[in-house]
Amino acid sequence: MNIIEINKTPPTLDNEMISGRLSLTLKDLSVAVADVDGVVVEDDVDVVAVELADCVVVDVAVVAVEDAGTVVALVGAVVVVLVAVVVVGTTVVEENNKPEDIKRLNDNNDLKAEKKIKIDEDSAPAAKMSFSVSSDSMQFMTLCETLEAIENTTKRLVINDILTNFFIKLINESQKDLLPSVYLSLNQIAPTFEGIELGIGETVLVKAVSAVTGRSISAIRNDVKELGDLGKVAQSSKSSQKMMYTPKSLSIHTVFKTFRDIALITGKDSVTKKVDKIRSLLVACQGCEVKYLIRILEGKLRIGLAERSILTSLGTAFIKAKNPKASPEEIDEGVETLKSVFNEIPSYDQIIPALFDYGVNKLSEHCHMTPGIPLKPMLAHPTKSLTEVLDRFEGKPFTCEYKYDGERAQVHRLADGSIKIFSRNSEDMTDKYPDIMEHIPEIITDGAQSFVIDAEVVAFDRLKNSILPFQVLSTRKRKDVNTANIQVQVSLYAFDLLFLNGKSLLTTTFRERRDLLHQNFRVVEGKFAFAKYMDAQTTEDIQYFLDDSVKENCEGLMVKTLVEESSYEPSKRSRNWLKVKKDYVSGIGDSVDLVVIGAYHGKGKRVGNYGGFLLACYDDQNEEYQTICKIGTGFSDSDLGEHTTFLNNHIIPGPKSYYSYADNAKPDVWFDAVQVWEIKAADLSISPVYRAGVGLVDSSKGISLRFPRFIRIRNDKSPENATTSSQIANLYQMQAVINNNSKNDDDLE
DNA sequence: CGTGTCTGCCC
DNA sequence: ATTCTGC
DNA sequence: GCAGAATGGGCAGACACG
């Protein structure tokens, strides 16, 4: 038996483990396979086959080989180790997998029970590659095993323990891997405000998985429908291949660095280049690494772990690493410190080095709110009624503000006078709003130097002096915006002041912050205003104010305490504000009755059920069903199961002739029009893809719903009695009329 | 160079 | 964005 | 009630493709 042994400078991914690449023709590969066959395979293996697509680009590692002359002969002095393309026997994954195949893969990911597979890591000499792995960076597998352990529980305390132990291990053994590990666990590669993006989505990942496994894109797509997770699909596809040798294990550092490299790739052929990078990682992945690599790239780990848990574990780990006997109180305090610091500076790039240097307890001395770095914005809790609001705020003094329908903006002015503007999710929007930057000198009074204000950017019609809908704002350019040529003008509606002249105001009361805001800024029509507010107490007053807010094109109200628990500290209670949306008051707040005509296979926790549905209204003029929106929220888990069971009895092979839909908005499965659902939505919009009321409001575009959610089944209604296209068109026009009326009101006042 | 698809990010 | 669910 | 994970419409920007 020949044993391929890799020795001497084993290729490492750190210096590009994939050290070269050869284009091999099909013929070359047959030769290679034949030769490999001779080397590795004995009588216990049926076939060695190669999955290939016409000409295959083979990732190669340059190695030295003992006693493998035939292989050496193949390409002369350079020996090709076929990593990804050589698969064994009947495990070659066929195109157009039969369901049984999928089931088999599902039932037994590693295929050890598969009778015909004789080569595995225990029995195949070639798989026992013995090169020493000496790397400074911790193995990616260690991270993946941690993620796997977390995925196997739903208990948050257990999750916290597992992650804490992993972080402690890193702190003790491999400090430089902590930051990359935190990023990988979060599916991030940099702080959001740095604007570095992978530019990788499901489509590209499917391509990469296809390239590595040799399976067709449609086969992979079909498996995703069944397994509900591309990571799982990739893992089961890949585990059915047996590699000629075990590739050098991936390090956390390598994976993270490759991700950053991917993010930097732009321009022509960038997608291909990105796929290549992902492929080289996938080739080196083993076991569950495949699943998590894919999921991290997808941005959905789906293991019950996100930012808050990571912060908890990170804080706990640093405290325990220093003092293993720390009391629960000490740990709690440290975790609170870390969370609060993180909310002021949401940048692990800054916090993790500071944790190493100063520890948790002194962290806030070194990391604190800084103009130029976005802080996490306060969010609001949705409430269903004004009584609910009064219940929550009881006797505390509170205030109501208009909730403007625009884009959240945190406007920073640094000590040097420069301006930065951040989005709700801490993206840097400075380049999108050069006009706001120019307005700053006009809107500040003499006292304001450095500051951070919290505000809403709203599209504004300067001729009519009125607010424009969100859909108008969304058409605004985002890059290379030139002040001289702005199509969508905006006005800023400020509602909070978080920092002023070198001083943080986070812990002061809202009443004080609001006073300071009004003292230091001034209204300039069409450019800057304060969010309209009323310090009301009675339900009646609030009801009137809510009605007014809607008449003036707002979404409803924000309700905030003025004194007690009114500090701006998202860490303590991330949703200490309340919002009351107009849905409960007017407009489309009443719901709409729509027909289910299609569905989409669920992913993640919805696997096995439909995860979303395609809805239509009824056009009684043309006697057809016109698509209006998809729906994916509002149903309980049991609702979903019942919908799936019921609708599976009404599947049709293709759309009815009387279904009107766009080609790029087709469901996975079509249904007969048999059931009507009550759907609630916030607004109606002109849609590029949906067909409801086409020709009634816009000659070529239909109407859709904003924020649709399922309310209940309407068994009392037949599909022909669903909401009609003309009713939808009327609702749209009423919405527009309300807007116009409010403008007139303003003009009259 | 125009159109379609994909992605990320607003809500 | 909205909504549901285990802890 | 938190934290997480399902899912919605629709836009600009970046590429791919013909």
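1. In this predicted model, the backbone of Lys630 approaches DNA strand D, with one of its N or O atoms lying 2.9 Å from a phosphate oxygen of that strand. The elements that contribute two or more residues to the surface near DNA strand D are the helices α11 and α13 (307-322), together with the strands β19 (624-631), β24 (683-687) and β25 (702-706).

2. Two further backbone approaches to the phosphates of DNA strand D deserve a look alongside that of Lys630. A polar backbone atom of Gly267 is 2.6 Å from a phosphate oxygen of the strand, while for Ser270 the corresponding distance between a polar backbone atom and a phosphate oxygen is 3.3 Å.

3. Taking the surroundings of DNA strand D as a whole, 44 residues lie around it, and those that come nearest are Gly267, Gly304, Ser309, Ser685 and Tyr690. Of the atoms of DNA strand D that come within 4 Å of the protein, 91% belong to sugar and phosphate.

4. Helix α10, which spans residues 252-264, can be checked for its length: its 13 residues reach 19 Å from the first C-alpha to the last, which is close to the 18 Å expected at 1.5 Å a residue. The buried residues in α10 are Ile252, Thr254, Val255, Phe256, Thr258, Phe259, Ile262 and Ala263. The cover over these buried residues includes the helices α4 (140-151), α5 (156-173) and α6 (178-186), and also α11 (270-284) and α12 (288-298). Helix α11 thus appears in two settings, since it is listed among the elements covering α10 and among those giving two or more residues to the surface near DNA strand D.

5. A hairpin is formed by strands β7 and β8, with five residues between the two strands. Strand β7 (residues 407-413) and strand β8 (residues 419-422) run antiparallel and are joined by four bridges, and within this pairing Val411 of the hairpin stands opposite Ile421 in β8. Gly417, in the same hairpin, takes a positive phi near 90°.

6. For chain A overall, the model contains 23 helices and 26 strands, and 54% of its 749 residues count as buried. Among the contacts between residues at least 6 apart in sequence, 74% join residues that are at least 24 apart. The accessible surface of chain A comes to about 33600 Å², with carbon and sulfur atoms accounting for 48% of that area.

Methods:
Residues numbered from 1 in each chain as written. Chains lettered and ligands numbered in written order. Predicted model: local features only at pLDDT ≥ 70, side-chain atom pairs only at ≥ 80, totals over all residues. Heavy atoms only, no water. Pairing = 2+ DSSP bridges. Buried < 20%, exposed > 50% of the residue type's maximum accessible area, 1.4 Å probe, protein only. Contact = heavy atoms within 4.5 Å. Areas by Shrake-Rupley, 256 points an atom, 1.4 Å probe, with all protein chains shown as cover. Expected span 1.5 Å × (residues − 1). Near = heavy atom within 4 Å. Polar contact = N/O pair within 3.5 Å; in protein donor to acceptor, adjacent residues only side chain to side chain.
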